[in-house]
Structures are given as C-alpha cells and as structure tokens.
Amino acid sequence: MTNKTTSKISVIIPTYNEAGNLPVLIKNIFDQSIQNLHLLIIDDSSPDGTAIIANQLAKEYPGKIELIQREAKLGLGSAYKIGYQKAIASDVDIVVQMDADLSHSPQYIPEFLKQLDNADIVIGSRYIEGGKVDRDWNLLRKMISKLGVISIRIVTGLKIKDVTSGFKAYKIEVLKALNLEGLKCDGFGFQAEMIHSCAQSGYLIKEHPIYFRDRTKGKSKMSIQIILEAIKYLTLIRFK
Ligand SMILES: Nc1nc2c(ncn2[C@@H]2O[C@H](COP(=O)(O)OP(=O)(O)O)[C@@H](O)[C@H]2O)c(=O)[nH]1
Ligand SMILES: [Mg+2]
C-alpha cells in the first residue's frame with residue numbers, strides 16, 4: 001500500500017531541553033534528501049528554549065516542521081501518543097520516531113524506509129549483529145541496559161532483541177489499529193509496551209542494526225521512577 005515515491009513520512013521528535021541538539025539533528029535529517037518528509041516536534045515547555053529554536057528552524061524549512069507545545073513536562077509516552085494521533089489525522093503513510101539528542105543517527109532513516117517494504121515496523125536495534133552501544137559506555141552502564149532489555153524480554157516473552165529502542169519506523173496502519181489509550185507507560189517502558197502490542201497483533205517486526213551514540217549535550221531524562229514504572233506495568237501485562 002505504501003509507495004516509496006509518494007509516501008508521506010512524518011518524523012516524530014519529542015524534546016525536553018534539547019536546544020543545543022535540535023539544529024544539528026534537523027539539518028542531518030534534511031540532508032538525507034528523503035522525499036515528502038515532515039517533522040513533528042513535541043516540546044514540553046523546555047526551560048532551555050527548545051521551542052524558540054524549533055520555531056526558528058520551522059522558518060528555515062518552510063512547511064516542513066510542525067511544533068506542538070505542551071504546557072508542562074508530561075512525559076515521553078504521552079508525547080508519542082499525540083504525535084501518532086496527529087500523523088493519523090494528517091494523511092501520513094509512515095511514522096518514524098527518534099530522540100533529539102543525536103543518539104539516533106538520521107543516516108538510518110532511508111535504511112528503515114527500505115526495510116518497511118517487507119515489514120510493518122522497523123526497530124533500530126543496538127543488540128543484534130552489526131548494532132552497537134556507544135564505545136564509551138562502561139561495563140556497569142552496559143549491564144544495566146542489557147539487564148533491562150533481558151528482563152522485559154522474559155516478562156513479555158518478546159523475541160525482539162532491543163525492546164527499549166526509541167528509534168523506530170511504523171506503517172501508519174499499525175498505529176491506526178493499536179489501542180493507544182490502553183498503553184500505560186510513559187518512560188522507556190512505553191517502547192516495550194508498544195512493541196508488545198504490535199507483536200500481539202501479529203505485525204511483522206524487523207530489527208535493523210544501529211550504532212547508538214551517547215548524547216554530548218544536555219542531560220538524559222532517565223530516572224529511577226521511569227525504571228520502576230516499566231517494571232510495574234510490564235509485570236501487570238504479563239499476568240493479565
Ligand atoms: N516532550 C517530551 N520529550 C521528552 C520527555 N522526556 C524525554 N524527552 C525526549 O525524549 C528523548 C529521549 O530522552 P533521553 O533523555 O535522551 O532518554 P535516554 O536516551 O533514555 O537517556 C529526547 O529527545 C528527550 O528530549 C518529556 O517528558 N517530554
Ligand atoms: Mg538519550
């Protein structure tokens with residue numbers, strides 16, 4: 001159904017304090033010269049003025065960037081949901097989602113789009129052959145990430161290797177069919193919840209190797225609350 005030359009692509013980018021990263025990210029995305037590609041930035045009133053930067057960029061790339069500004073930090077999961085709903089309502093064929101902190105390289109977007117010819121969802125994966133986490137991650141950081149991924153795989157029974165990746169591409173049909181309101185997590189658990197729902201609905205999910213580079217500007221919003229939330233909801237899912 002999706003035709004490469006005419007497909008409308010929306011890249012959803014949630015931001016919180018990413019003023020230093022956004023200009024580089026956006027230039028890198030448009031440097032990929034992907035036809036009919038639009039950006040949807042969802043900013044939660046970042047105190048560092050990310051929205052001001054986003055508005056300036058929207059002027060530099062007329063008609064290509066839309067900014068949704070929310071009045072408070074309402075979380076990653078709900079930012080994605082708004083982005084998906086917006087894409088569904090605006091004739092989009094393919095949704096790509098990525099972080100704004102340059103951990104997800106736009107060079108992979110064309111590769112994801114190609115993979116969607118034979119899949120419903122593509123996951124940018126750090127944990128399949130060819131994928132890698134930042135070479136500067138120390139052993140503890142690697143272990144925590146791996147432990148998270150493995151626990152989620154055990155709890156959900158998912159066969160996917162990188163269940164917490166936030167770099168993905170979806171055919172719009174998938175997002176239209178999912179019960180987005182039924183998703184409860186707001187942090188990185190949201191990624192696993194989404195993939196779990198997609199797998200349960202029988203969609204074809206492919207992993208594509210990526211190199212995950214650490215952010216050099218700004219701070220991670222990962223917190224112990226986000227980890228606990230993921231554990232709680234995924235346990236509920238398992239025993240439902
Ligand atoms: N709109 C919005 N974006 C968020 C929120 N929390 C994180 N983000 C963005 O989501 C992406 C991933 O967050 P990040 O802090 O890099 O998480 P990490 O990579 O797991 O450490 C980045 O683009 C953040 O700016 C939030 O509450 N609201
Ligand atoms: Mg990050």
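Let us start at helix H8, whose buried residues pack against helix H5 (139-156) and helix H7 (189-200). Keep in mind as you look that this is a predicted model. Which residues of H8 are the buried ones? They are Glu229, Ala230, Leu234 and Ile237. These residues cover an arc of only 115° around the axis, so they sit on the same side of H8. Turn to the other side of H8 and you meet exposed residues instead: Ile224, Gln225, Leu228, Leu236 and Phe239.

The helix itself has the length one would expect. Its 16 residues should span 22 Å at 1.5 Å a residue, and the end C-alpha atoms of H8 are 23 Å apart, which agrees. Isoleucine 224 belongs to this helix, which runs over residues 224-239. With a relative accessibility of 55%, isoleucine 224 counts as exposed, because the cut-off for that class is over 50%. Isoleucine 224 also has company at the surface: together with Leu228 and Ile231 it forms a nonpolar patch, and the three share about 310 Å² of accessible area.

From here, let us move on to the charged pairs. How many salt bridges does a search of the whole structure find? The search finds seven. As background, side chains of opposite charge can pair when their charged atoms come close.

One of these pairs brings us back towards H8. Arginine 215 and aspartate 101 meet through their side chains in a salt bridge, at 3.4 Å from N to O. This pair links distant parts of the chain, 114 residues apart: arginine 215 is in the loop between strand E9 (211-212) and H8, while aspartate 101 is in the loop between strand E4 (94-97) and helix H4 (109-115). Are these two residues buried or exposed? Both arginine 215 and aspartate 101 are buried. The pair is also part of a wider arrangement, as salt bridges with shared partners join Glu18, Asp101 and Arg215 into one network.

Another pair consists of aspartate 44 and arginine 70, whose closest N and O atoms are 2.7 Å apart in a salt bridge. Aspartate 44 is in the loop between E2 and helix H2 (50-60), and arginine 70 is in the loop between strand E3 (65-69) and helix H3 (76-89), so this salt bridge ties together parts that are 26 residues apart in sequence. Aspartate 44 is buried, at a relative accessible area of 5%, and arginine 70 is buried with a value of 5%.

The salt bridge between aspartate 31 and lysine 27 has its closest N and O atoms 2.8 Å apart. What about its exposure? Aspartate 31 counts as partly exposed at 47% relative accessibility, and lysine 27 counts as partly exposed at 44%.

Finally, two asparagines deserve a look at their backbone. Asparagine 17 has a phi near 55°, a positive value in a residue other than glycine. You will find asparagine 17 in the loop between strand E1 (9-15) and helix H1 (22-30), where its relative accessibility of 25% makes it partly exposed. Asparagine 36 likewise has a positive phi, of about 55°, although it is not a glycine. Its place is the loop between H1 and strand E2 (37-43), and with a relative accessible area of 30%, asparagine 36 is partly exposed.

Conventions: Residues are numbered from 1 along each chain as its sequence is written. Chains are lettered from A and ligands numbered from 1 in the order in which they are written. This is a predicted model: local features need pLDDT of at least 70, side-chain atom pairs count only at pLDDT 80 or more; totals for chains, interfaces and linings use all residues. Side-chain values use heavy atoms; hydrogens and water are left out. Patches are made of residues with over 30% relative accessible area and no salt bridge: like charges are joined within 9 Å, nonpolar side chains (Val, Leu, Ile, Met, Phe, Trp, Tyr) within 5 Å. Accessible areas come from the Shrake-Rupley method with a 1.4 Å probe; for residues, only the protein chains shown count as cover. A salt bridge is a side-chain nitrogen of Lys or Arg within 4 Å of a carboxyl oxygen of Asp or Glu. Helices (H or I, at least four residues) and strands (E, at least two) are DSSP runs, numbered from the N terminus. Buried means under 20% relative accessible area, exposed over 50%, partly exposed in between (1.4 Å probe, protein chains only). The expected span of a helix is 1.5 Å times one less than its number of residues. The arc is that of the directions from the helix axis to the C-beta atoms. Contact means heavy atoms within 4.5 Å.
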